[in-house]
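Q: Could you take a close look at one part of this structure and describe it in a single connected account? Please give the cut-offs behind each term as you go.

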Amino acid sequence: MSKLNKPDPYQQFLRDLFHSDDDDLSRLQKEADSEGIPNMSIGPEQGKFLQLLVQLTGAKKVLEIGVLGGYSGTWIARALPEDGKLIGLELEQKHADFARKQWQRMGLSNKIEVRVGPALDSLPSLAEEAPFDIVFIDADKGNYPEYLDYALSYSRPGTVILGDNVEMWGSLVDPEKQDWDWVQGMRSFASTLSTHERLTSTVVPYPDGLAMAVVK
């Protein structure tokens, strides 16, 4: 499920040394593949980065928009304290059921809640859960600007907002793809991150670009 399926020798060295999946994560990956879960997950490098962010910020409440098979959520939930909570929004019932099964197996279910349906339908109901310490966006790219609006409204000073796939494997700057809805959504998202008065932002150059902002 990793986005960096063919790392170069140095990337492989770093992966082996710092970011290797353990047995539980490897099993999740294999079972996701066997059950037809799309191969669209973050890689272990980004997973470890999410883990470190949770630990560095002392996060207790995290919102993840786009659960898929639960790989990224596993990294996040493991880093949360026992009284921490991850709320995941997932469009597909099949994916949510698979992720719940994996988290139950790993003993993480007490930290995670998944809400199924279009994220833009679920997000308005989260006001009472806010503010979140971290918001991780990794869903349909055309709606990233709207997801960012919700992330900002559900944030506090110091909240970290992340958006995956900001490079879109080169599509973001491909002149022949600028009319794509996903490209337009991502360009709008990136532009807002870079100029918004409440945000200090950058892009971490993981395989497909991981945008990162801190709310002032």
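**The sheet and the helices across it**

A: In strand β7, Val-214 is the residue that stands opposite Val-160; strands here are DSSP runs of E with at least two residues, helices are runs of H or I with at least four, and both are numbered from the N terminus. The model is predicted, so local features need pLDDT of at least 70 and side-chain atom pairs count only at pLDDT 80 or more, whereas totals for chains, interfaces and linings use all residues. Residues are numbered from 1 along each chain as its sequence is written, and side-chain values use heavy atoms, with hydrogens and water left out.

β5 and β7 (residues 210–215) are joined in the antiparallel sense over five bridges, where two strands count as paired if DSSP finds at least two bridges between them. Both belong to an open sheet of seven strands, ordered β3-β2-β1-β4-β5-β7-β6, in which the pairing is mixed. The edges are formed by β3 (112–116) and β6 (199–204), each of which pairs on one side only, and from one strand to the next the twist averages 15°; axes are lines fitted to C-alpha atoms, for helices over the stretch in contact, and angles run from 0 to 180 degrees between N-to-C directions.

Two helices can be placed against these strands, with contact meaning heavy atoms within 4.5 Å. Helix α7 lies across β1 (61–65), β4, β5 and β6 and runs at about 165° to β5, while α8 lies across β4, β5, β6 and β7 and runs at about 35° to β7.

Aromatic side chains connect these two helices. The whole structure holds seven aromatic pairs, counted when ring centres of Phe, Tyr or Trp (its six-membered ring) lie within 6.5 Å, with planes under 30 degrees apart called stacked, over 60 edge-to-face and the rest tilted. In one pair, Tyr-144 and Tyr-147, the centres are 6.4 Å apart and the planes stand at 55°, so this pair is tilted. The two residues are three apart in α7 (residues 144–153) and are therefore separated by about one helical turn. Tyr-144 is buried at a relative accessible area of 0%, and Tyr-147, at 3%, counts as buried too; buried means under 20%, exposed over 50% and partly exposed in between, with a 1.4 Å probe and protein chains only. Tyr-144 also forms an edge-to-face pair with Phe-189, at 5.0 Å centre to centre and 80° between the planes. This second pair links distant parts of the chain, from Tyr-144 in α7 to Phe-189 in α8 (residues 181–195), 45 residues apart, and both partners are buried. Elsewhere, ring pairs link Phe-132, Tyr-150 and Tyr-154 into a cluster.

A charged contact involves the loops beside β4 and β5. Asp-133 and Arg-156 meet in a salt bridge at 2.8 Å, N to O, the rule being a side-chain nitrogen of Lys or Arg within 4 Å of a carboxyl oxygen of Asp or Glu. Asp-133 lies in the loop between α6 (119–122) and β4 (134–137), and Arg-156 in the loop between α7 and β5 (160–164), so the salt bridge ties together parts that are 23 residues apart in sequence. Asp-133 counts as buried at 13% relative accessibility, whereas Arg-156 is partly exposed at 28%.
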